[in-house]
Structure formats: structure tokens, C-alpha cells
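Here's a quick briefing to read with the structure open beside you. Pull it up, and we'll walk through it topic by topic.

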Amino acid sequence: MKDFFAMGGYAFYVWTSYAVAGVVLIANILIPIRLRLRLLADIARKMRRARREP
Amino acid sequence: MGIVAFIHRMGSPQYFYQVAGRLVPWFGGFCALFLLAGLVGGLVLAPTDYQQGESYRIIFIHVPSAWMSMFIYMVMATAGLLGLVWRVKLAEVIAISSAPIGASFTFIALVTGSLWGKPMWGAWWVWDARLTSELILLFLYLGVIALYGAIEDKRVAARAVAILALVGVVNIPIIHYSVEWWNTLHQPATITKFDKPSIHVSMLIPLLLMALGCKLYYATVVLMRARCEVLERERNSRWVETLPEVAKP
């Protein structure tokens, strides 16, 4: 197990590569989820306002 | 349902929004499976390389990302062309939704390449043909994103972006053939269409699993982004107002 994390002395290079990729790829999933929720909330708010002021 | 009828129905933003919403969890689920299998195969099961030791394991993220950076660019340019010539709205949406994902993969390819180059070449960066053309690809993606954001009318913006993307296509063969045309530090392709791959099957399988996982990742995220783009463009239409997620959030 220790050998696995040590990566034959290349731990920094190998694990930083996978960490950077992981962070970027997860961010790409979270951004559209948040954007969609914000858009839906925004559309719903505008509709409520339109109903109140005919 | 015939394929022509399907394409015709996908022209309706409402239908696309709903179908894409149903596809996302499937693509996402299979993406996670393939990436997990590829990571286990590449980081745990594949043997140590006789020349590069364990450092070669960066290949399993570096090469699929580099492939995706070019593949997504071609999808973006093709979709851009469809939008430009036939005014297919959905093609415009796919083109612009692809840009941030392509930029992300290009960024990953550059960073992981740098992290691989340091221990193997002794340098984080060299102005070699392969590296420089990949960096230009990143700038093309960023240019597409910036140009789209700078133009208010989204249909005009989509047309401008499509032209930029199409001009940039010239860079794709340069990236691809750079290792053959110029004497570069970057190693030549490990896997080509015509020759037997210069890699053992125990390393080839995880590499292909990662590549497939990345393709599915792109399919998942491009649909998620396209749904947002459709919602934004159609925010004043009747079908958006009657969506259950809008009616009672």
C-alpha cells in the first residue's frame, strides 16, 4: 500500500496529475448543476412577479 | 421511431431539454464505471514501465485528455458549421456548450504533460511543436468562450464563434502530425490506426477504458451545459414556464 502511494519516487508528479484532472473534471460537473438551479429559481421569481403585477 | 424523425424532433428545444435530462444520469453512470475501471487498471494493475518506472502512469490521464481536446474541438467546429449553414439552433447550443469542456481537457493535457515532462525530460515546458500547438488550442477555446460572452445577441454570437472555431480547425492536423513533421522532444503516438499499438495489452486496456470514460464524461457534461443554454435562450417560452421544476421549485 505504501509502495502504491510512493509511485516509485514519482508520487508528486503522478498524484498531482490526477488531482488536477479530478478537480477540473468535478468542477465541470458542479458548474452546470448550479447554473441550472440558479436559472430555474430566476425564471420562477420573474413569473411570480409577473403574476402579481398584471 | 426512425432516425430522421428523431433528428427532426430534437429540433424542438423542449423535446431536447427533456431527452437530454433523461440521458444525463445514464451517460454519467457509465462514465463513472469506465473511469473507475480505467483508474484501477492503470494505477494498480498495470505493470511498471521498464524505462520510465511508475511515472509513465500519467499516460492514463494525459493521453485521453489530449485526445478529447482535439475530439471536442472537431465536434465544436462541426456543430458550429451546422449552425452557420443550416441555422440549426441545437447545433449552436452544442458548439458553445462544448468549448469549456474542451478547454478543460486541453488544460489537463498541458498540466499533466508538464508534470510528466519534468521528471522525464528535465523541463516543465519546452517550446516544442506538439506543446506549442496544444497551447494554441487552449487559446482557441478561450477565444471562443470570450467571443461568445462578448456579444449580446446569442444567435449572432453563435455565428461569430462558429467562424472562429472553423478557422482554428487548421491547428488540429498540426497538433496531430507535429510529432512526425518536426523533430520534437515529445514522443510519437503510442496508438495509431494502422500499426499495432506500441504498448502492452495490460496498459492498453486501462488506457482505452479511460478514453471511453472521458468520451462519456463529455457526453454527460455537454448535455448538462446544453440544457442550461436552452433554458436561458427559451426562458420566455410557454414550455419553460410550465416546467414542473419552475412551477414549484
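Let's start at one exposed spot: B:Arg87 counts as exposed because it has 12 C-beta neighbours inside 10 Å. (Buried takes 20 or more other C-beta atoms within 10 Å of the residue's own, exposed takes 12 or fewer, and partly exposed is in between; C-beta atoms are placed from the backbone.) This is a predicted model, where local features need pLDDT of at least 70 and side-chain atom pairs count only at pLDDT 80 or more, while totals for chains, interfaces and linings use all residues. Residues are numbered from 1 along each chain as its sequence is written, and chains are lettered from A and ligands numbered from 1 in the order in which they are written.

**Loops with a positive phi**

- B:Arg87 sits in the loop between H3 and H4 of chain B, and its phi is near 55 degrees, a positive value in a residue other than glycine.
- Over in chain A, A:Met7 has a phi near 50 degrees, again positive in a residue other than glycine.
- A:Met7 belongs to the loop between helix H1 (2-6) and H2 of chain A.
- A:Met7 is partly exposed, as 19 other C-beta atoms lie within 10 Å.

**Chain B at a glance**

- Chain B has ten helices and zero strands; helices (H or I, at least four residues) and strands (E, at least two) are DSSP runs, numbered from the N terminus.
- The C-alpha trace of chain B spans about 65 × 35 × 35 Å along its principal axes.
- Of the 249 residues in chain B, 41% count as buried.
- Taking the contacts in chain B with a separation of 6 or more, 77% are between residues 24 or more positions apart; a contact here means that the C-beta atoms of two residues, placed from the backbone, lie within 7 Å.

**Two domains in chain B**

- The domain assignment splits chain B into domain 1 (22-47 + 202-219) and domain 2 (61-192), with bounds that come from an automatic or database domain assignment.
- The C-alpha centres of domain 1 and domain 2 of chain B are 21 Å apart.
- Five residues of domain 1 of chain B are in contact with eight residues of domain 2 of chain B.
- On the domain 1 side of that contact in chain B, the split is five nonpolar, no polar and no charged. (Ala, Val, Leu, Ile, Met, Phe, Trp, Tyr, Cys and Pro count as nonpolar, Asp, Glu, Lys and Arg as charged, and the others, Gly among them, as polar.)

**Where chain A meets chain B**

- 24 residues of chain A are in contact with 33 residues of chain B.
- H2(A) gives the most to the chain A side, with 20 residues.
- By class, the chain A side divides into 19 nonpolar, four polar and one charged.
- Helix H2 (residues 11-52) of chain A packs with helix H4 (residues 89-121) of chain B at about 175 degrees, their axes 9 Å apart. Axes are lines fitted to C-alpha atoms, for helices over the stretch in contact, and angles run from 0 to 180 degrees between N-to-C directions.
- That angle makes H2(A) roughly antiparallel to H4(B), a label for angles over 145 degrees.
- The contact of H2(A) with H4(B) has eleven nonpolar, five polar and one charged residues.

**The nonpolar core**

- The largest nonpolar core has 71 residues, and B:Ile58, B:Met76, B:Ile94, B:Ala95, B:Met210 and B:Tyr218 have the most contacts inside it. (Such a core is a set of buried Ala, Val, Leu, Ile, Met, Phe, Trp, Tyr and Cys residues joined through C-beta atoms within 7 Å.)
- H8(B) gives the most to this core, with 17 residues.
- This core draws at least three residues from each of domain 1 (22-47 + 202-219) and domain 2 (61-192) of chain B.
- Leaving aside neighbours within four places in sequence, B:Ile58 is in contact with residues including A:Tyr13, A:Val14, B:Leu115 and B:Trp116.

**A buried methionine**

- B:Met70 lies in helix H3 (residues 59-86) of chain B and is buried, with 20 other C-beta atoms within 10 Å.
- B:Met70 and B:Ile175 are 105 residues apart in sequence, but 8.5 Å apart in space, C-alpha to C-alpha.
- Outside its neighbours within four places in sequence, B:Met70 is in contact with B:Ile172, B:Ile175 and B:His176.

How values were computed:
Parallel < 35°, antiparallel > 145°, perpendicular 65-115°, else oblique.
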